[in-house]
Amino acid sequence: MKKNETACDRNQGPILEVLKEVISPENRNLFEIGSGTGQHAIFMAPHFPDIFWTTSDVVANAKLIKENLAAAKISNIKGPFQFEIGKDDFPRVPYDLIFTANTFHIMSWKNCKTLMKALGTRLREGSQVIIYGPFNYNGTFTSESNAAFDKMLKERNPESGIRSFEDVNANMLKNGFALYKDYEMPANNRTLVYTRLNFMK
C-alpha cells in the first residue's frame, strides 16, 4: 500500500476496468450519485473524454467537490448537482449511465428503494446503472470484515447497513431493469450493473 493511500484510492483501478467494459462509444452522459469529494470523477472521467460526467451529492459536500474539481481542471466533469435522495427530484436529463459507489450501505433502505424507483421512472431504455459497494448474499456476510463494518455502520446510524443483493436485485427487476453482470471486486466488494429494459406498452 502506498503511503497515505485510502480505500477509495485502491478501489478506483478495478472500478475503472468495469466502466471500460460497460461504457459504449454511444454513451454521452453519466450521472454520479454521492460523489463524496469528487475523487472518482477526477480519476475516471479523463479515461472517457466523450462522456460528460456530472457529479452530485448533498449540500454539505458541494463546497469540497467544487474545490477539488476546480483544482483538477478536467473539462468533461460537471457539477456538483444538488441531489439528496428522498428530498430532491431526480434530474430530468437523458442520462445513459448512472454510477454510484459506497452509497447503498450509507442510505436507509427506504431511500435505496426510492432511488431505484426513480431510476426506473427516469432512465431511457438501454441506460445502465452501476452500483459499487459491499453486499450480502443469501442472508450472509461475505467476510468477517464486512460483518464488522456493518456493525459499525448500524452503531452510527441504525438505518444504515450492508444491503442484501437479493433485495437490491428484486427491486431493480421490479423497476424495469435486468442484471447485466455482478462483478466480484477486491476487498469483498461487488459492482452490480443493470440495464434498463424497454418500457411496457
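# Working through a predicted model

S127 sits in the loop that runs between α4 (109-122) and β5 (128-133). Keep in mind that this is a predicted model. Let's start with that serine.

## Exercise 1: S127

Task: Decide whether S127 is buried or exposed, and find what its side chain pairs with.

Solution.
- Step 1. Take the relative accessibility of S127, which is 3%. The cut-off for buried is under 20%, so S127 counts as buried.
- Step 2. List the contacts, skipping residues up to four places away in sequence: S127 touches Y95, D96, Y194, T195 and R196.
- Step 3. Look for a polar partner in that list. A polar atom of the S127 side chain lies 3.1 Å from the backbone oxygen of Y95.

## Exercise 2: the largest pocket

Task: Describe the largest pocket by its volume, its lining residues and the elements that supply them.

Solution.
- Step 1. Start with the volume: the largest pocket holds about 570 Å³ of space.
- Step 2. Turn to the walls. The lining has 26 residues, and G34, N102, T103, I106 and M107 are the ones nearest the centre of the pocket.
- Step 3. Assign the lining to elements. Two or more residues come from each of α2 (39-44), α4 and α5 (144-156), with α5 giving the largest share, 3 residues.
- Step 4. Sort the lining by class: 12 residues are polar, 9 are nonpolar and 5 are charged.

## Exercise 3: the nonpolar cores

Task: Work out which residues have the most contacts inside the largest nonpolar core, then see what W53 is in contact with.

Solution.
- Step 1. Find the best-connected members. Of the 25 residues in the largest nonpolar core, those with the most contacts inside it are I15, L19, I23, L30, W53, F99 and I130.
- Step 2. Map the core onto elements. At least two residues come from each of α1 (7-22), α2, α3 (59-72), β4 (97-101), β5 and β8 (177-185). The largest share, 5 residues, belongs to α1.
- Step 3. Zoom in on W53. Leaving out neighbours within four places in sequence, W53 is in contact with L19, L30, E32, H40, A41, M44, A45, N76, I77, K78 and F99.
- Step 4. Check for a second core. Another one, of 24 residues, lies apart from the largest core, and its members include V129, F135, F177 and Y194.
- Step 5. Put it in context: in soluble globular proteins, nonpolar side chains tend to be buried together.

## Exercise 4: E155 against G161

Task: For E155 and G161, say which element or loop holds each and whether each is buried or exposed.

Solution.
- Step 1. Place them. E155 belongs to helix α5, while G161 is in the loop between α5 and β7 (163-164).
- Step 2. Apply the cut-offs, under 20% for buried and over 50% for exposed. E155 has a relative accessible area of 60%, so E155 is exposed. G161 is at 0%, so G161 counts as buried.
- Step 3. See what packs around the glycine. Not counting residues up to four places away in sequence, G161 touches F104, H105, D150, L153 and K154.
- Step 4. Add some C-alpha distances. E155 and L16 are 32 Å apart in space and 139 residues apart in sequence. For G161 and M116, 45 residues apart along the chain, the separation is 17 Å.

## Exercise 5: backbone oddities

Task: Find where the cis peptide bond is, and what phi is for K73 and A187.

Solution.
- Step 1. Check omega. At about 10°, the bond joining G79 and P80 is cis. P80 is part of strand β3 (residues 77-82).
- Step 2. Check phi. K73, a residue other than glycine, has a positive value near 55°, and A187, again not a glycine, has one near 60°.
- Step 3. Place both. K73 is in the loop between α3 and β3, and A187 is in the loop between β8 and β9 (189-196).
- Step 4. Compare with the over 50% cut-off for exposed: K73, at 73%, counts as exposed, and A187, at 62%, is exposed too.

## Exercise 6: Y137

Task: Which residue shares a side-chain polar contact with Y137?

Solution.
- Step 1. Locate Y137: the loop between β6 (135-136) and α5.
- Step 2. Its relative accessible area is 18%, so Y137 is buried.
- Step 3. Beyond four places in sequence, Y137 touches T142, F165, E166, D182, R190 and L192. E166 is 29 residues away in sequence, with 6.9 Å between the C-alpha atoms.
- Step 4. Pick the polar partner: the side chains of Y137 and D182 are joined by a polar contact of 2.7 Å.

Terms used:
Residues are numbered from 1 along each chain as its sequence is written. This is a predicted model: local features need pLDDT of at least 70, side-chain atom pairs count only at pLDDT 80 or more; totals for chains, interfaces and linings use all residues. Side-chain values use heavy atoms; hydrogens and water are left out. Helices (H or I, at least four residues) and strands (E, at least two) are DSSP runs, numbered from the N terminus. Buried means under 20% relative accessible area, exposed over 50%, partly exposed in between (1.4 Å probe, protein chains only). A polar contact is a pair of N or O atoms within 3.5 Å; within protein, one must be able to donate a hydrogen and the other to accept it, and residues adjacent in sequence count only if both atoms are side-chain atoms. Contact means heavy atoms within 4.5 Å. On a 1 Å grid over the protein atoms alone, a cavity is a set of points where a 1.4 Å probe fits but cannot get out, and a pocket is an open set with protein on both sides within 12 Å along at least five of seven lines; lining residues have an atom within 4 Å of a point. Grid points are joined across faces, edges and corners, and a volume is the space filled by probe spheres set on the points. Ala, Val, Leu, Ile, Met, Phe, Trp, Tyr, Cys and Pro count as nonpolar, Asp, Glu, Lys and Arg as charged, and the others, Gly among them, as polar. A nonpolar core is a set of buried Ala, Val, Leu, Ile, Met, Phe, Trp, Tyr and Cys residues joined through side-chain atoms within 4.5 Å.
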